[in-house]
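Please open the structure in a viewer and keep the selection tool at hand. The tour below proposes what to select at each stop and describes what is found there.

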Amino acid sequence: MQPGYREAVKASYFSIAGNALLAIAKAVTGIFGNSYALIADAIESTTDVFSSLLVLLGLRYANKPADENHPYGHGKAEPLITFMVVGFLIVSATVIAYESIENISTPHEVPEPYTLIVLLVIIIIKEVSYRFVSKKGTETNSSALKADAWHHRSDAITSFMAFIGISVALYMGKGYENADDWAALFASGFILFNAYLILRPALGEVMDEHRYDDIESEIRAIAQDNKGVVETEKCFIRKTGMTFHVDLHIAVDSEISVKAGHDIAHRVKDDVLEKLPQIADVLIHVEPDDEL
């Protein structure tokens with residue numbers, strides 16, 4: 001089981017339940033309160049439920065142990081699930097933008113004042129949810145969970161935009177009935193921008209892009225603390241699910257035996273795995289120091 005798996009799954013269940021309840025609350029309030037911005041918000045929360053289910057399935061699959069066909073495990077499923085989550089964001093943003101444009105040109109009533117109270121509660125809940133899920137995503141190194149957290153943040157922002165739009169409509173009165181529709185349209189653009197922010201690190205993960213300078217520094221420090229290690233050279237890190245695989249080159253005295261060099265490499269590997277539990281495996285290449 002990958003480190004932090006249980007915590008990630010709990011956070012995912014939290015997202016599913018929270019999004020489902022809020023989607024219902026937004027839809028009911030939006031329909032009876034004459035606010036398309038809230039209905040648009042409900043649409044996004046509904047897609048969030050499905051994306052959170054995808055995250056949960058992705059976490060479960062990514063946690064499967066390595067096998068003959070997948071010697072590095074199944075962790076790469078996580079960024080693939082993240083791509084699907086981004087797809088949900090793009091679809092929801094497109095639907096919201098289309099419906100907003102349709103409603104801007106359609107006369108309708110000013111939203112009810114009580115919709116502002118509902119929106120204020122939603123904004124607080126979604127921001128707290130974002131902070132909770134984001135923290136769990138960082139603690140567990142889960143890219144899919146971090147993407148799910150951004151769903152909460154984008155939801156909080158669309159709700160905030162709706163709050164502003166409805167406030168304008170209520171304060172300005174006749175002629176400004178569609179202010180919340182403009183707010184929903186603006187929010188759809190922000191959702192698309194967030195989709196890019198989520199996509200970028202997931203793409204880097206699939207491409208094994210180096211984004212882990214802090215972990216590299218820790219690995220080098222641990223290696224050089226081991227007796228017999230003269231220097232560390234190459235250090236390549238790839239992320240697989242919530243764990244990392246490392247290729248490390250160490251230099252040792254060229255005069256020692258092959259067995260002595262082998263023993264040093266094993267000590268370094270054991271030390272790194274013990275002190276950095278987020279690392280699943282370390283492949284160490286031993287070089288003579290006179291070739292540096």
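Begin with the two domains as a pair: the C-alpha centres of domain 1 and domain 2 lie 41 Å apart. The model is a predicted one. To colour the domains separately, select residues 5-207 for domain 1 and residues 213-288 for domain 2, as the domain assignment gives them.

**The interface between the domains**

Next, display the residues at which the domains touch. Domain 1 contributes 12 residues to the contact, and domain 2 contributes eight residues. Between them the two domains bury about 880 Å², and 58% of this area is on carbon and sulfur atoms.

Which three residues of domain 1 supply more of the area it buries against domain 2 than any other three? Select Tyr72, Asn141 and Glu205, which together supply 58% of that area. Now colour the side of domain 1 that touches domain 2 by residue class: four residues are nonpolar, five are polar and three are charged.

How many salt bridges does the rule find across this interface? The number is zero. The search for residue pairs in polar contact across the interface, with both residues at pLDDT 80 or more, also gives zero.

**The annotated transmembrane regions**

Move now to the spans that the unreviewed UniProt entry annotates as "transmembrane region": residues 12-32, 38-59, 80-101, 113-133, 154-176 and 182-199. Two of them may be selected in turn.

- Residues 38-59: this span is 100% helix and 0% strand, with its end C-alpha atoms 31 Å apart.
- Residues 113-133: here the chain is 95% helix and 0% strand, and the end C-alpha atoms are 31 Å apart.

**Residues 213-288**

Then select residues 213-288, which carry the annotation "domain: Cation efflux protein cytoplasmic" in the unreviewed UniProt entry. This span is 39% helix and 39% strand, and its end C-alpha atoms lie 25 Å apart.

Within this selection, show helix H7, residues 213-224, as sticks; Glu216 and Arg220 both lie in this helix, four residues apart, or about one turn. What joins the side chains of Glu216 and Arg220? They meet in a salt bridge, with a distance of 2.9 Å from N to O. By the rule applied here, the count of salt bridges comes to six.

Methods: Residues are numbered from 1 along each chain as its sequence is written. This is a predicted model: local features need pLDDT of at least 70, side-chain atom pairs count only at pLDDT 80 or more; totals for chains, interfaces and linings use all residues. Side-chain values use heavy atoms; hydrogens and water are left out. Domain bounds come from an automatic or database domain assignment. Contact means heavy atoms within 4.5 Å. Buried area is the accessible area (1.4 Å probe) that two parts lose on being put together, summed over both. A salt bridge is a side-chain nitrogen of Lys or Arg within 4 Å of a carboxyl oxygen of Asp or Glu. A polar contact is a pair of N or O atoms within 3.5 Å; within protein, one must be able to donate a hydrogen and the other to accept it, and residues adjacent in sequence count only if both atoms are side-chain atoms. Ala, Val, Leu, Ile, Met, Phe, Trp, Tyr, Cys and Pro count as nonpolar, Asp, Glu, Lys and Arg as charged, and the others, Gly among them, as polar. UniProt positions are given in the numbering used here, feature names are shortened, and annotations may be inferred rather than shown by experiment. Helices (H or I, at least four residues) and strands (E, at least two) are DSSP runs, numbered from the N terminus.
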